[in-house]
Amino acid sequence: MPLRELSPGRFTADFNRRPFAIKHDLAQHPAFALERLVELARKLPADAVEYNAGDLPLTQDPKSTPRTGLSVEETIQRITECKSWMVLKRVEVDPTYKQALDDCLDQIEPLAPGMRTRRAFIFISSPGSVTPYHIDHEYNFLLQIRGTKQMTIFDPAVLPEEAIERFYRGEHRNLVFDQSLADKAQTFDLSPGDGVHVPVNAPHYVLNGPAASVSFSITFRTPEGDRRSAVYQVNDRLRRAGLAPRPVGKTPLVDRAKYLGYALYARAQKRLGRG
Ligand SMILES: [Fe+2]
């Protein structure tokens with residue numbers, strides 16, 4: 001039972017509506033020692049390891065993110081001084097990390113009906129590095145293991161529908177940061193043992209503290225969330241066809257009709273072998 005201060009009342013009121021803090025007991029877990037993370041990174045497929053320079057602006061064009069010239073192993077071993085940012089993706093392929101993920105999400109599952117597609121990520125980053133302003137697809141709890149970071153999470157309402165639609169069309173997660181929205185955010189100071197829930201579509205950025213940082217991100221999806229993603233894709237197509245689609249969540253019946261249309265189309269494509 002690694003998660004603490006996970007109150008059912010708080011969860012029901014705030015899950016996927018606004019960010020909230022939790023606590024956890026994973027900070028001393030031996031699987032997060034740097035030498036273990038080097039071993040893990042060696043076993044992961046190349047596309048599950050993303051890394052680059054860590055001293056980035058809040059708005060980072062993904063096409064020009066600077067590289068470091070270091071190897072994966074060097075980056076982890078020298079994380080204190082190599083000014084880098086790294087994410088190890090889908091680490092649940094390793095049984096140790098799958099166990100840690102399941103131990104956490106088994107505690108959340110009774111509160112999140114239909115939980116599926118459990119995935120875990122490990123972020124390893126140098127002192128002072130920046131994760132640019134972006135959004136993610138999954139429901140996320142970020143658990144701080146080592147070092148400190150400041151996570152600033154915005155209300156999803158700050159994003160125009162078009163920006164969210166582009167993301168669901170498959171564009172990169174990074175967004176253009178608008179300083180005038182600064183008061184629409186909440187900042188969480190995370191030390192080892194702290195965690196925070198990040199709602200889907202809640203844009204966020206992260207500033208590392210003065211020490212190397214390791215964070216464990218536990219994520220999942222739900223049928224309801226996947227239906228909403230599908231409606232964003234439908235709206236993207238409608239908008240590109242010159243229409244002005246009703247925003248997701250405004251009219252549940254319209255959303256439902258769009259989702260049914262999407263599901264029928266997807267099934268037909270699958271039958272035609274294009275799914
Ligand atoms: Fe994120």
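# A tour from the iron site outward

Select Asp136 and His204 to begin: both residues are buried. The model is a predicted one.

**Stop 1: the iron ion.** Keep those two residues and add His134. Together they are the protein donors of the iron ion, through NE2 of His134, OD of Asp136 and NE2 of His204, lying 2.1 Å from it. Along the chain the donors follow the spacing H-x1-D-x67-H. Asp136 sits in the loop between S6 and S7 and His204 in strand S11, so that this pair, 68 residues apart, links distant parts of the chain.

**Stop 2: the largest pocket.** Now show the pocket surface. The largest pocket has a volume of about 690 Å³. It is lined by 33 residues, and those closest to its centre are Glu50, Lys89, Phe123, Asp136 and Arg173. Asp136 is thus met again here, having served as an iron donor through OD. Colour the strands next: those that give two or more residues to this lining include S3 (49-53), S4 (84-88), S5 (116-125), S6 (130-134), S11 (204-208) and S12 (213-221). By class, the lining holds 12 nonpolar, 12 polar and 9 charged residues.

**Stop 3: the sheet.** Switch to a cartoon view. An open sheet of 8 strands runs in the order S1-S2-S10-S7-S12-S5-S4-S3, with antiparallel pairing. Strand S1 (3-4) and S3 stand at the edges with a single partner strand each, so one side of each has no neighbour in the sheet. Is S3 then enclosed or open to its surroundings? Of its 5 residues, 4 are buried, so S3 is largely enclosed by the rest of the structure.

Stay at this edge and pick Glu50. S3 and S4 pair in the antiparallel sense over 5 bridges, and the bridge partner of Glu50 in S4 is Val87. Glu50 is also one of the residues closest to the centre of the largest pocket. Then move along the sheet to S5 and S12, which run antiparallel and are joined by 8 bridges. Within S12, Ser217 stands opposite Phe121.

**Stop 4: the second largest pocket.** Select Asn16, Arg17, Pro156, Val200 and Arg228. These lie nearest the centre of the second largest pocket, which is lined by 19 residues. The space in this pocket is about 480 Å³. Helix H5 (161-169) and helix H6 (223-240) each supply at least two residues of its lining, and H6 gives the most, with 3 residues. The lining comprises 11 nonpolar, 3 polar and 5 charged residues.

**Stop 5: the cavity.** Keep Val200 and H6 on screen. How many cavities of 30 Å³ or more are there? The count is 1, and about 80 Å³ of space lies in it. Of the 14 residues that line the largest cavity, His137, Val200, Gly225, Asp226 and Ser229 lie nearest its centre. Val200 also appears among the residues nearest the centre of the second largest pocket. S12 and H6 each supply at least two residues of the cavity lining, with the largest share, 5 residues, coming from H6. By class, the lining divides into 5 nonpolar, 5 polar and 4 charged residues.

To finish, colour by domain. Domain 1 (3-221) and domain 2 (225-271) both give residues to the lining of the largest cavity, so the cavity lies between them.

Technical notes:
Residues are numbered from 1 along each chain as its sequence is written. This is a predicted model: local features need pLDDT of at least 70, side-chain atom pairs count only at pLDDT 80 or more; totals for chains, interfaces and linings use all residues. Side-chain values use heavy atoms; hydrogens and water are left out. On a 1 Å grid over the protein atoms alone, a cavity is a set of points where a 1.4 Å probe fits but cannot get out, and a pocket is an open set with protein on both sides within 12 Å along at least five of seven lines; lining residues have an atom within 4 Å of a point. Grid points are joined across faces, edges and corners, and a volume is the space filled by probe spheres set on the points. Ala, Val, Leu, Ile, Met, Phe, Trp, Tyr, Cys and Pro count as nonpolar, Asp, Glu, Lys and Arg as charged, and the others, Gly among them, as polar. Donors are N, O and S atoms within 2.8 Å of the metal (3.2 Å for Na, K and Ca); water is not among the atoms, so sites may look incomplete. Buried means under 20% relative accessible area, exposed over 50%, partly exposed in between (1.4 Å probe, protein chains only). Two strands pair if DSSP finds at least two bridges between them. Domain bounds come from an automatic or database domain assignment.
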